[in-house]
Amino acid sequence: MPGYVTGNFLIYSMINAFTPGPGNILALNTVTNYGWKKGTPLFLGIFSGYYVVQMICAVFVYGISTLLPDVLGIMKYVGAAYILWLAVHVAFGRPEDADADRSASFWKGFMLQFVNVKIYLFGITALTGYVTNYSTSLPVLIFFELVIATIGSAATSAWIGAGMAIQKIYRRHYRLINVILAVTLLECVYSILK
């Protein structure tokens with residue numbers, strides 16, 4: 001693959017990964033509500049889910065392209081419903097809710113990524129737009145999806161860091177910040193369904 005194509009792939013991946021999405025917003029909201037220590041299981045779930053989803057994307061692009069539109073069509077609505085539920089949960093959440101341990105679980109972070117249509121589209125678009133013109137071998141596709149998942153995990157870590165930086169401000173203005181985050185999630189739902 002030519003260097004300029006690799007560069008464009010990396011630029012696309014960084015822009016897509018660092019923009020607000022359900023995983024980034026949930027990570028930011030979790031760290032501001034519960035802190036780093038209580039949020040760690042959720043963050044690990046988000047990171048793990050990201051890698052699993054990207055492996056699924058590699059397999060889909062490799063051999064199951066005829067089933068992909070149907071699967072994405074179903075995932076689109078499941079993902080939109082979950083993100084809508086998450087937006088309501090964020091909007092009405094309070095710092096240090098009694099169910100903090102349950103809310104910051106590994107499985108909540110993992111399942112969010114599993115139904116996060118944004119990262120499916122991200123992975124599939126990156127492969128079909130930049131990689132498959134040069135190689136369709138499964139090891140190459142998996143390599144590039146691992147790159148995407150690593151960039152995505154770094155982006156989520158940046159959102160976690162931002163949440164830690166604003167944690168004191170958040171505790172004073174949590175209602176306004178939660179509403180802004182919820183509206184951002186609603187925009188994610190809108191962009192999925194349009």
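**Figure 1. Close-up of S153, which counts as buried at 10% relative accessibility.** Buried residues have under 20% relative accessible area, exposed ones over 50% and partly exposed ones a value in between (1.4 Å probe, protein chains only). The view is taken from a predicted model, in which local features need pLDDT of at least 70 and side-chain atom pairs count only at pLDDT 80 or more, while totals for chains, interfaces and linings use all residues. Residues are numbered from 1 along each chain as its sequence is written, and side-chain values use heavy atoms, leaving out hydrogens and water. S153 belongs to helix α7; helices (H or I, at least four residues) and strands (E, at least two) are DSSP runs, numbered from the N terminus. When residues up to four places away in sequence are not counted, S153 touches F47, Y50 and Y51, a contact being heavy atoms within 4.5 Å.

**Figure 2. Overview of the protein, which has eight helices and zero strands.** Read from the N terminus on, the elements follow the order α-α-α-α-α-α-α-α. The protein has 194 residues, of which 46% count as buried. Among contacts between residues at least 6 apart in sequence, 87% join residues at least 24 apart. The remaining figures show individual sites.

**Figure 3. The packing of helix α1 against helix α7.** Helix α1 covers residues 3-18 and helix α7 covers residues 138-165. Their axes are 9 Å apart, and the two helices pack at an angle of about 40°. Axes are lines fitted to C-alpha atoms, for helices over the stretch in contact, with angles from 0 to 180 degrees between N-to-C directions. α1 and α7 are therefore oblique to each other (under 35 degrees is roughly parallel, over 145 roughly antiparallel, 65 to 115 roughly perpendicular, the rest oblique). From α1, the residues F9, L10, S13, M14, A17 and F18 take part in the contact. On the side of α7, they meet F144, V147, I148, I151, G152, A154, A155, A158 and W159. The residues of this contact comprise 13 nonpolar, two polar and no charged. Nonpolar here means Ala, Val, Leu, Ile, Met, Phe, Trp, Tyr, Cys and Pro; charged means Asp, Glu, Lys and Arg; the others, Gly among them, are polar.

**Figure 4. The packing of helix α6 against helix α7.** The angle between α6 and α7 is about 125°, and their axes lie 10 Å apart. This pair of helices, α6 and α7, is therefore oblique as well. α6 contributes F122, G123, I124, A126, L127 and V131 to the contact. α7 contributes V140, L141, F144, E145 and I148. Sorted by character, the residues of the contact are nine nonpolar, one polar and one charged.

**Figure 5. Aromatic pairs involving F9 and F106.** Rings of Phe, Tyr and Trp (its six-membered ring) pair if their centres lie within 6.5 Å; planes under 30 degrees apart are stacked, over 60 edge-to-face and the rest tilted. By this rule there are 10 aromatic pairs. F9 and Y130 form an edge-to-face pair, with 6.2 Å centre to centre and 80° between the planes. F9 lies in helix α1 and Y130 in helix α6 (residues 117-131), so the pair ties together parts that are 121 residues apart in sequence. F9 itself is buried, at 0% relative accessibility. F106 and F110, by contrast, form a stacked pair, with 6.0 Å centre to centre and 15° between the planes. Both F106 and F110 lie in helix α5 (residues 106-114), four residues apart, which is about one turn of the helix. F106 is partly exposed, with a relative accessible area of 27%, whereas F110 is buried, with 14%. Ring pairs also link F9, Y12, F122, Y130, F143 and F144 into a cluster.

**Figure 6. The surroundings of T32 in helix α2.** Helix α2 spans residues 22-63. T32 is buried, with a relative accessible area of 1%. Residues up to four places away in sequence being left out, T32 touches G163, I166, Q167, Y170 and R171. From C-alpha to C-alpha, T32 and I177 are 10.0 Å apart in space, and they are 145 residues apart in sequence.

**Figure 7. The surroundings of A104, in the loop between α4 and α5.** The helix α4 on one side of this loop covers residues 100-103. A104 counts as buried, at 2% relative accessibility. Apart from its neighbours within four places in sequence, A104 is in contact with T30, Y34, K38, G39, P41 and L42. A104 and A27 are 77 residues apart in sequence, and their C-alpha atoms are 9.3 Å apart in space.
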